[in-house]
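Biologist: Please take a close look at a single part of this model. I should like a connected account of how that part is packed and what surrounds it.

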Amino acid sequence: MKEHIFNKFLDNIISHNKMNKEEIFSKSQNSETVWARQTLFYLCKKRGLTTQMIQQYMENNGLKFSRSPITYGIKVIDSLLKDGDDDFQKVIDKLSRVD
């Protein structure tokens, strides 16, 4: 139902990080890939997608996640934003735009 929002956030993150879709949906644990996934989870949750929806859309793209890494990723990004980093907030604002 809201998969188009998930895909738009994904496109924004891929473009901003100069990554490809395969990297996001790989099992890679490198910090850039993890940050990209966590940002995707955060943006989706803030836009009203449920954790279950995020899980399903991730699985549709070949990467299965349980609830805990999704909720943890959301908390990580939320914590960074609460620290008051204006530059990071600007990046999140840019990535959250959906046409």
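Modeller: Residues are called buried under 20% relative accessible area, exposed over 50% and partly exposed in between (1.4 Å probe, protein chains only). The model is predicted, so local features need pLDDT of at least 70 and side-chain atom pairs pLDDT 80 or more, while totals for chains, interfaces and linings use all residues. Numbering starts from 1 along each chain as its sequence is written, and side-chain values rest on heavy atoms, without hydrogens or water.

The part chosen is helix 4, which spans residues 51-60; helices are DSSP runs (H or I, at least four residues) numbered from the N terminus. Its buried residues are Thr51, Met53, Ile54, Gln55, Tyr57 and Met58. The cover over these buried residues includes helix 1 (3-17), helix 3 and helix 5 (67-82). Beyond helix 4 comes glycine 62, with a positive phi near 95°.

Helix 3 (residues 31-46) packs on helix 4 at an angle of about 135°, and the two axes are 10 Å apart. Axes are lines fitted to C-alpha atoms over the stretch in contact, and angles run from 0 to 180 degrees between N-to-C directions. Helix 3 is therefore oblique to helix 4, since under 35 degrees counts as roughly parallel, over 145 as roughly antiparallel, 65 to 115 as roughly perpendicular and the rest as oblique. In this pairing, Thr51, Ile54 and Met58 of helix 4 meet Arg37, Leu40, Phe41, Cys44 and Lys45 of helix 3. By class, the residues of this contact comprise 5 nonpolar, 1 polar and 2 charged; Ala, Val, Leu, Ile, Met, Phe, Trp, Tyr, Cys and Pro are nonpolar, Asp, Glu, Lys and Arg charged, and the others, Gly among them, polar.

Methionine 58 has further partners. Apart from neighbours within four places in sequence, methionine 58 is in contact (heavy atoms within 4.5 Å) with Phe6, Phe25, Arg37, Leu40, Phe41, Leu63 and Phe65. Met58 also belongs to the largest nonpolar core, which has 29 residues, and touches the most other members together with Phe6, Ile24, Leu40 and Leu49. Such a core joins buried Ala, Val, Leu, Ile, Met, Phe, Trp, Tyr and Cys residues through side-chain atoms within 4.5 Å. At least two residues of this core come from each of helix 1, helix 3, helix 4, helix 5 and helix 6 (86-95).

Arginine 37, a residue of helix 3, is buried because its relative accessibility is 4%. Not counting residues up to four places away in sequence, arginine 37 touches Glu23, Ile24, Ser26, Lys27, Ser28, Gln29, Met58, Leu63 and Phe65.

Helix 3 also packs with helix 5, at an angle of about 85° and with axes 8 Å apart. That angle makes helix 3 roughly perpendicular to helix 5. From helix 3, the contact draws on residues including Trp35, Phe41, Tyr42 and Lys45, and from helix 5 on residues including Ile70, Tyr72, Ile74 and Leu81. The residues of this contact fall into 10 nonpolar, 3 polar and 3 charged.

Helix 1 completes the account. Histidine 16 lies in helix 1 and is partly exposed, with a relative accessible area of 29%. Beyond its neighbours within four places in sequence, histidine 16 is in contact with Val91, Lys94 and Leu95. Lysine 18 follows in the loop between helix 1 and helix 2 (21-24); its relative accessible area of 74% makes lysine 18 exposed. The phi of lysine 18 is positive, near 50°, in a residue other than glycine.
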